[in-house]
Amino acid sequence: MPGIGLISREGSAPAARALRDAAEWLAARGQTTVELTAADSPQGLDLLIAFGGDGTLLGAAHAIARAGLDTPVLGINLGHLGFLTEVSRGEMVEALQAVLGTAVEHLHQVVRQVEGGTVVDALGLPVGGRDD
């Protein structure tokens, strides 16, 4: 990934802490991150992670749209309701693992083999019919 942008709700200490934790976690896994403010352009990013509430997520999405990009946005909910930001602070690492493909690697990586005429995936679950 060329880069993962991180933006947090201005003036929110919990959002700033979550951003720092995510930056450290991502850096430890070889990911390049860049911290953005609402005034920054999200050019050249593979992903933008917004730390805050729905307003922070909407602001990040607006910045993406304004720049004419289609960069995905992941919202980490540090607000109260979280209608749009479904990932809680406690689920952050799990979501980051999923985004990087490490937590669900075996579920999404389909390794097909022929076994008794049935094509199965890496978990041994049938993905096609028998050749009867």
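What covers the buried residues of α3? I took this question to the model, which is a predicted one.

**Overall layout.** I began with the whole protein chain and found four helices and seven strands. Reading from the N terminus, I noted the order of elements as β-α-β-β-α-β-β-α-α-β-β. The protein chain has 132 residues, and buried ones make up 34% of them. I then looked up contacts with a separation of 6 or more; residues 24 or more positions apart account for 57% of these.

**Helix α3.** I located this helix at residues 92-100 and listed its buried residues as Met 92, Ala 95 and Leu 96. Seen down the helix axis, these buried residues fall within an arc of 100°, so they line one face of α3. For the opening question, I wrote down that the cover includes helix α1 (13-28) along with the strands β3 (47-52), β4 (73-77) and β5 (87-88). Just after α3 I came to Gly 101, where phi is positive at about 85°.

**Surface.** I looked up the accessible surface of the protein chain and got about 8000 Å², with 52% of it belonging to carbon and sulfur atoms. I also noted a nonpolar surface patch of about 490 Å², made by Leu 58, Leu 81, Phe 83 and Leu 84. Of these patch residues I followed up Leu 58, which sits in helix α2 (residues 54-66). Is Leu 58 buried or exposed? I entered it as exposed because its relative accessibility is 51%, and the cut-off for exposed is over 50%.

Definitions and conventions
Residues numbered from 1 in each chain as written. Predicted model: local features only at pLDDT ≥ 70, side-chain atom pairs only at ≥ 80, totals over all residues. Heavy atoms only, no water. Patch = residues over 30% accessible without salt bridge, like charges linked within 9 Å, V, L, I, M, F, W, Y side chains within 5 Å. Areas by Shrake-Rupley, 256 points an atom, 1.4 Å probe, with all protein chains shown as cover. Salt bridge = Lys/Arg side-chain N within 4 Å of Asp/Glu carboxyl O. Helix = DSSP H or I, 4+ residues; strand = E, 2+ residues; numbered from the N terminus. Buried < 20%, exposed > 50% of the residue type's maximum accessible area, 1.4 Å probe, protein only. Arc of directions from axis to C-beta. Contact = heavy atoms within 4.5 Å.
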